[in-house]
Amino acid sequence: MQAWQMIGTYAIVFASGGALCAIAELLIVRTKLTPARILVIFLIAGIILEGVGVYDYIYKICQAGVAVPIVGFGAALAKGSIEMARSVGFLGAFAGGLVRTAYGIGAAIVMSYIVTLVFSPRTK
């Protein structure tokens, strides 16, 4: 990969991830939505985009800009549920999302534990 092509890829990823953050910030500032509700909106948006088959096209362009935020997690949940439902049946739809995202959830739990050991958080 040439240097200019790599810089272009980084710019697209940065811009698309930044656009998602800007949308969230606008929702916080301009509406009475709480951050938790905005998080759920983005999660459901990822599920819907994967469900209608649009997420893969967006991912090809934006890559980590949409895969890393919560939108990508929602899409991964939906993709896992769809795949397991097709291979196992109806009950697979309930387990598929968890199977597909288990590594990421496990890594987040382990890293959270390590951070608490390093910084020793206290309750106010």
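At 53% relative accessibility, G51 counts as exposed; the term exposed applies over 50% relative accessible area, buried under 20%, and partly exposed in between (1.4 Å probe, protein chains only). The model is a predicted one, in which local features need pLDDT of at least 70 and side-chain atom pairs count only at pLDDT 80 or more, while totals for chains, interfaces and linings use all residues. Residues are numbered from 1 along each chain as its sequence is written, and side-chain values use heavy atoms, with hydrogens and water left out.

G51 is found in helix 2. Helices here are DSSP runs (H or I, at least four residues), numbered from the N terminus. The C-alpha atom of G51 is separated from that of S112 by 31 Å. Along the chain, G51 and S112 are 61 residues apart. I61 offers a second long-range pair. The C-alpha atoms of I61 and I12 are separated by 7.7 Å, with their positions 49 residues apart along the chain. I61 lies in helix 3 and is exposed, at a relative accessible area of 57%.

Helix packing was examined next. The axes of helix 1 (residues 3-30) and helix 2 come within 10 Å and cross at roughly 140°. Axes are lines fitted to C-alpha atoms, for helices over the stretch in contact, and angles run from 0 to 180 degrees between N-to-C directions. Helix 1 and helix 2 are therefore oblique to each other. Oblique covers the angles left over once those under 35 degrees (roughly parallel), over 145 (roughly antiparallel) and 65 to 115 (roughly perpendicular) are set aside. Helix 1 passes helix 2 in a right-handed crossing. A crossing is right-handed if the near helix is turned clockwise from the far one by less than a right angle, and left-handed if anticlockwise. On the helix 1 side, L20, I23, A24, L27 and I28 make the contact. They meet P35, I38 and F42 of helix 2. Contact means heavy atoms within 4.5 Å.

Helix 2 also packs on helix 5 (residues 70-87), at an angle of about 45° and with the axes 7 Å apart. That angle makes helix 2 oblique to helix 5. The crossing of helix 2 past helix 5 is right-handed. Helix 2 contributes L39, F42, L43, G46, I47, L49, E50 and G51 to the contact. Residues of helix 5 in this contact include I70, V71, F73, G74 and A75.

A further pair is formed by helix 5 and helix 6. Their axes come within 6 Å and cross at roughly 135°. Helix 5 is thereby oblique to helix 6. Helix 5 passes helix 6 in a right-handed crossing. Among the helix 5 residues in contact are F73, A76, L77 and K79. Those of helix 6 include G92, A93, G96 and R100.

Charged side chains were then surveyed. Side chains of opposite charge can pair when their charged atoms come close. A search of the whole structure finds two salt bridges. A salt bridge is a side-chain nitrogen of Lys or Arg within 4 Å of a carboxyl oxygen of Asp or Glu. K79 and D56 form one of them, at 3.5 Å from N to O. This pair links distant parts of the chain, with K79 in helix 5 and D56 in helix 3, 23 residues apart. K79 is partly exposed, with a relative accessible area of 23%. D56 is partly exposed too, at 34%. E83 forms a salt bridge with R100, the closest N and O atoms being 3.4 Å apart. Here E83 in helix 5 is linked to R100 in helix 6 (residues 92-119), 17 residues away. E83 is partly exposed at 40% relative accessible area, and R100 is partly exposed at 40%.

E50 lies in helix 2 (residues 35-51). E50 is buried yet has no salt bridge. The nearest side chain of opposite charge is K79, 4.4 Å away. For charge, Lys and Arg count as positive and Asp and Glu as negative, whereas His and the chain ends are not counted. Residues up to four places away in sequence aside, E50 touches Y55, D56, A75, A78, K79 and I82.

Backbone geometry singles out Q63. Most residues other than glycine have a negative phi. Phi of Q63 is near 50°, a positive value in a residue other than glycine. Q63 sits in the loop between helix 3 (55-62) and helix 4 (64-67). Q63 is partly exposed, with a relative accessible area of 31%.

Terms used
Helices (H or I, at least four residues) and strands (E, at least two) are DSSP runs, numbered from the N terminus.
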